[in-house]
Amino acid sequence: AALVLEKLPFFVLAAGSSVATYLVQKAGGSVTEALALDARLGNAVIAVVRYVGKFLVPFDLAVLYPHPGHWPVRQIVAALFVIGVLTAIAGWQLRRRPWIAIGWCWFLGTLVPVIGIVQVGLQSMADRYTYLTMLGVQIAGLWTLREWVTSPGARRGWAVAGAGVLLACAARTWNQQGVWQNSFTLFDHALAVTTDNYLAYNNRGIHLGDAGRTAEAVDDYRRALAIRPDYAEANNNLGRILVQEGRPADAVPLLRRAVAAKPTQLEARNNLANALSDAGALPEAMEHYAFVLARDPRHVNA
């Protein structure tokens, strides 16, 4: 009982942090209710296995793994089977090697706030969520390996193996750093190792547009919209370029979709007003300019 009581303050702090995070993210528009509970639970099950896989084989890492919506049932069943087997092993070894169960419960427990049961953002998983959670897997693995060190010779052998693993991790880290050289390399790599990554197409398009490679930027925005037609950012970015190119009639439908997806996004409103103004629809353009200025009186463009 005393061991439980001493940890209650930590649970209170965790609960308070979770509530604060949820409220802040919801106020910022990051919490989505578009995904049904079964889709979120299915993704959570898949993510547990994917996290373990990325830890053991840290390749094809991406700044964003897009949420697919619904995973195939066979993949969810396979992931449940893997989780069940690992949980059964932890239970089987509870008396002899209790640290395996502790490490496994640490891993699963610390994943709960970030596993996507409450969906925040566009991702199905995120590498950054494993910084704390993987300590549990390391406890389970390393304390078990420690049992095998029964002689000075074995100790030396495992020391060499450990040094080799650390060198491999260092080399992999060095290689991965190059991915983060700039926005183009970051999102270009994400597109190479993920599928249907509409955010990566949009963000690579922003970099290309800033570099003056407008045609390539337009192509990336269109690819993003081919995957997700209602994606506000890509609609807004493509519409803005079309206005700049003197094609307001083509831009208006895109910017209307951007505003419909995010009615309070002022830049999309202002861009729509610009397109309507250039197309001669001045009364409606004035309405959107007024909407922007009512919320940001110092908005220079409006």
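Buried here means under 20% relative accessible area, exposed means over 50%, and partly exposed lies in between (1.4 Å probe, protein chains only). Helices (H or I, at least four residues) and strands (E, at least two) are DSSP runs, numbered from the N terminus.

The model is predicted: local features need pLDDT of at least 70, side-chain atom pairs count only at pLDDT 80 or more, and totals for chains, interfaces and linings use all residues. Residues are numbered from 1 along each chain as its sequence is written, and side-chain values use heavy atoms, with hydrogens and water left out.

**Helix α9**

Helix α9 covers residues 198-210. Its buried residues are Tyr-198, Leu-199, Ala-200, Tyr-201, Asn-202, Arg-204, Gly-205 and Leu-208. Their cover includes α8 (183-193), α10 (214-227) and α11 (232-244); contact means heavy atoms within 4.5 Å. The expected span of a helix is 1.5 Å times one less than its number of residues. For the 13 residues of α9 that gives 18 Å, and the end C-alpha atoms are 19 Å apart, which agrees. Gly-212 follows α9 and has a positive phi, near 85°.

**Salt bridges**

A salt bridge is a side-chain nitrogen of Lys or Arg within 4 Å of a carboxyl oxygen of Asp or Glu. The whole structure holds 11 of them. Three are tabulated here.

| Pair | Closest N to O |
|---|---|
| Arg-204 and Asp-220 | 2.7 Å |
| Glu-245 and Arg-247 | 3.5 Å |
| Arg-247 and Asp-250 | 3.2 Å |

Arg-204 pairs with Asp-220. Arg-204 lies in α9 and Asp-220 in α10, so the pair ties together parts that are 16 residues apart in sequence. Arg-204 is buried at 11% relative accessible area. Asp-220 is buried too, at 2%. A network of salt bridges links Asp-188, Arg-204 and Asp-220.

The pairs of Arg-247 involve partly exposed residues. Glu-245 has 42% relative accessibility, Arg-247 has 35% and Asp-250 has 40%.

**Nonpolar core**

A nonpolar core is a set of buried Ala, Val, Leu, Ile, Met, Phe, Trp, Tyr and Cys residues joined through side-chain atoms within 4.5 Å. The largest has 59 residues, and those with the most contacts inside it are Val-48, Tyr-51, Phe-107, Ile-115 and Leu-238. Helix α3 (residues 37-56) gives the largest share of this core, seven residues. Leaving aside neighbours within four places in sequence, Val-48 touches Ile-83, Trp-104, Phe-107, Leu-108, Leu-111 and Ile-115.

**Second largest pocket**

On a 1 Å grid over the protein atoms alone, a pocket is an open set of points where a 1.4 Å probe fits, with protein on both sides within 12 Å along at least five of seven lines; lining residues have an atom within 4 Å of a point. Grid points are joined across faces, edges and corners, and a volume is the space filled by probe spheres set on the points.

The second largest pocket holds about 1,200 Å³ of space. It is lined by 37 residues, of which Gly-121, Leu-122, Tyr-198, Arg-228 and Tyr-231 are the closest to its centre. At least two lining residues each come from α3, β1 (65-66), α9 and α11.

**Positive phi in loops**

Asp-60 is not a glycine, yet its phi is positive, about 55°. Asp-60 sits in the loop between α3 and β1 and is partly exposed at 44% relative accessible area. Asp-196 also has a positive phi, near 55°. Asp-196 lies in the loop between α8 and α9 and is exposed, at 53%.
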